[in-house]
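Here is a friendly walk through the contacts that can be picked out in this structure. Have the sequence and the 3D view at hand as you read.

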Amino acid sequence: MFRIAPRLRLVKPRQVCSSWRNLNTQGTGLGLPETLRRVLDNGISGQTVRVTGWIRSVRVQKRIAFAEVADGSTLKGIQIIMDDPQMANELTTGCSVEIDGVLADSPGREQSKEIQVTAVNVLGRSDPESYPLQKKRHTLEFLREIGYLRPRSQTIAAVTRLRDHAEAGLHRFFHDNEFVRIHTPALTSNDCEGGGETFTATTSGSDHPETDFFGKKVNLTVSGQLHLEVFAGAFKRVYNFNQAFRAEPSQTGRHLSEFWMVEAECAFVNDLSTLINVEEEMVRSTTQYLVDKAGADLGFFTQKNEPLTRLVQKLTDRHQQFARISYTEAIDILQKAEEKAKFVYKPQWGNDLQSEHERYLATTHFAGPVFVTDYPAAIKSFYMMPNPDSRTVACTDLLVPGPCELAGGSLREYDYNRLAKKVDELGFEQGSLDWYLDLRKFGSTPHGGFGMGFERYIQMVTGLESVRDIIPFPRHAGRCQY
């Protein structure tokens with residue numbers, strides 16, 4: 001664990017240089033410059049400091065100059081004040097700087113501390129005429145066009161920190177509950193969902209590029225579920241946090257060709273409600289972690305957004321269980337609302353729920369998260385456990401305001417003969433899933449699992465309309481920059 005830097009004593013001017021050296025090397029024990037976050041959290045008024053970062057804005061007046069410096073560690077950066085306006089002569093928006101000065105309490109309401117500057121060193125210049133990020137509101141669509149610079153924008157920076165903390169929160173949840181992380185492969189010879197929307201791995205300069213390297217057709221993974229089931233046969237509780245790929249041409253704000261998934265498998269589980277409890281607690285625990293560790297960034301999105309504020313409150317309220325209904329009950333709710341809601345697609349038993357149906361359930365009817373269970377077997381994946389009625393399977397989708405479908409899971413079929421019959425009926429390549437079937441021969445257990453789209457989770461807690469503004473480098477049909 002990194003140790004917290006001790007508070008520095010006030011120094012005389014002739015000790016300034018050594019004090020800066022101490023501040024820059026004692027913070028982490030690695031010799032790295034202090035982050036603004038640590039300076040703001042641990043610094044004392046009157047203390048000499050050295051900070052590094054990028055200039056967000058500059059304002060020069062007749063007798064004084066102001067600038068804002070940011071380094072990605074905080075939402076708002078820090079204001080620096082130059083009593084001599086000429087010190088700001090070389091400062092332009094976007095340039096990188098090293099600032100020496102004295103930390104002081106700020107009289108402004110927007111920040112707790114500011115820096116009275118004694119020296120300015122411009123490390124990397126930025127042409128103010130061509131630098132595209134000026135001090136004004138830029139649309140998210142515009143920021144996508146300058147993806148190499150958009151991390152410096154306040155919105156994308158806040159999203160990035162939330163991603164970081166959300167991943168940490170997920171890992172903490174799983175480790176606290178004795179799950180073992182498995183690194184499932186990106187290259188696979190199977191299509192987990194059986195939907196065929198996969199990217200094929202090929203080699204160049206070959207007469208048979210799809211098969212020469214591996215001796216068979218190999219895809220980029222759409223899910224690590226089947227591989228997790230292998231380890232769930234030995235470790236009981238396992239999870240992954242991996243990239244996934246889907247060759248889906250959709251251009252909606254909910255879809256990407258490359259994205260991140262968190263998936264989990266639990267052995268010796270034969271009750272769907274147990275699996276739902278795990279999913280709910282994962283979402284609740286991770287959201288609470290964001291509230292505790294990244295409250296300022298979360299507040300950046302919830303401020304002036306009352307529906308999002310209420311959603312975050314629901315997600316973290318341990319006294320309020322997420323709503324739970326069956327698919328049949330969902331169809332009944334949708335059919336009763338059909339005249340008023342004016343759905344494009346008629347809700348009908350046996351058909352999959354469309355995005356407009358999921359949105360109505362999560363945003364309008366329940367105004368919060370809702371688990372929909374027991375979908376018709378005909379519209380779900382081959383590995384799901386049939387219910388006693390033989391018409392439905394023991395599965396669930398978690399619907400939420402924003403991205404609609406956040407997570408999906410099910411109990412898995414663990415009987416060899418039933419699963420082998422299903423695989424044969426669906427026409428999978430002969431022998432391609434023998435290894436998966438054989439798991440049912442040697443100590444098979446009742447088990448279940450689920451997967452959650454990480455970008456969709458961040459989309460839910462930020463209220464952003466498109467997942468393309470949530471992943472650092474979005475890849476989708478017709479788009480692969482950098």
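Let us begin with a pair of opposite charges: the side chains of Arg475 and Glu258 form a salt bridge, with 3.6 Å from N to O. Arg475 belongs to strand E16 (residues 475-476) and Glu258 to strand E10 (residues 258-267), so this pair ties together parts that are 217 residues apart in sequence. Arg475 and Glu258 are both buried. Please keep in mind that this is a predicted model.

## Salt bridges

How many salt bridges does a search of the whole structure find? The search finds 23. Another of them joins the side chains of Glu229 and Arg440, at 3.0 Å from N to O. This pair also links distant parts of the chain: Glu229 is in helix H5 (residues 225-235), while Arg440 is in the loop between helix H12 (434-438) and strand E15 (447-453), and their positions lie 211 residues apart in the numbering. Is Glu229 buried or exposed? Glu229 counts as buried because its relative accessibility is 4%, and Arg440 counts as buried at 7%.

A salt bridge within one helix makes a good contrast. The side chains of Glu306 and Arg310 meet at 3.8 Å, N to O. Both residues lie in helix H8 (residues 306-316), four residues apart, which is about one turn of the helix. Glu306 is partly exposed, with a relative accessible area of 46%, and Arg310 is also partly exposed, at 43% relative accessibility.

The three pairs are set out here for quick reference.

| Salt bridge | N to O distance |
|---|---|
| Glu229 and Arg440 | 3.0 Å |
| Arg475 and Glu258 | 3.6 Å |
| Glu306 and Arg310 | 3.8 Å |

Salt bridges can also join up: Arg144, Arg150 and Asp469 are linked in a network of them.

## Aromatic rings and charges over them

Now for the rings. The count of aromatic pairs comes to 18. In one of them, Phe174 and Phe179 have ring centres 5.1 Å apart and planes at 70 degrees, so the pair is edge-to-face. Phe174 and Phe179 are both buried.

Tyr327 and Trp349 form an edge-to-face pair as well, because their planes stand at 75 degrees, with the ring centres 5.6 Å apart. Tyr327 lies in helix H9 (residues 327-341) and Trp349 in the loop between H9 and helix H10 (355-365), so the pair ties together parts that are 22 residues apart in sequence. Here the two partners fall into separate classes: Tyr327 counts as buried at 0% relative accessibility, whereas Trp349 is partly exposed, with a relative accessible area of 28%.

Which residues do ring pairs link into a cluster? They are Phe382, Tyr383, Phe428, Trp435 and Tyr436. Tyr436 brings us back to a residue from the salt bridges, as Arg440 lies over the face of Tyr436, at 4.2 Å from the ring centre. Arg440 therefore has two partners to look at in the 3D view, since it also meets Glu229 in a salt bridge and is itself buried at 7% relative accessibility. Elsewhere, the charged end of Lys380 sits over the ring of Tyr375, 4.3 Å from the centre of that ring.

## Strand E4 and its neighbours

Strand E4 (residues 96-105) is largely enclosed by the rest of the structure, because seven of its 10 residues are buried. E4 pairs with strand E1 (residues 48-60) in the antiparallel sense over seven bridges. In this pairing, Trp54 stands opposite Ser96 in E4. E4 also pairs with strand E5 (residues 113-124), again in the antiparallel sense, over 10 bridges. Gln116 in E5 is the bridge partner of Val102. As a reminder when you look at such strands, in a regular strand the side chains alternate between the two faces of the sheet.

What lies between E4 and E5? Ser106 is in the loop that joins them. Ser106 is buried, with a relative accessible area of 14%. A polar contact of 3.4 Å joins its side chain to that of Gln111. Leaving aside neighbours within four places in sequence, Ser106 is in contact with Gln111, Ser112, Lys113 and Glu114.

Definitions and conventions
Residues are numbered from 1 along each chain as its sequence is written. This is a predicted model: local features need pLDDT of at least 70, side-chain atom pairs count only at pLDDT 80 or more; totals for chains, interfaces and linings use all residues. Side-chain values use heavy atoms; hydrogens and water are left out. A salt bridge is a side-chain nitrogen of Lys or Arg within 4 Å of a carboxyl oxygen of Asp or Glu. Helices (H or I, at least four residues) and strands (E, at least two) are DSSP runs, numbered from the N terminus. Buried means under 20% relative accessible area, exposed over 50%, partly exposed in between (1.4 Å probe, protein chains only). Two strands pair if DSSP finds at least two bridges between them. Rings of Phe, Tyr and Trp (its six-membered ring) pair if their centres lie within 6.5 Å; planes under 30 degrees apart count as stacked, over 60 as edge-to-face and the rest as tilted. A charge sits over a ring if NZ of Lys or CZ of Arg is within 6 Å of the ring centre and within 35 degrees of the ring normal. A polar contact is a pair of N or O atoms within 3.5 Å; within protein, one must be able to donate a hydrogen and the other to accept it, and residues adjacent in sequence count only if both atoms are side-chain atoms. Contact means heavy atoms within 4.5 Å.
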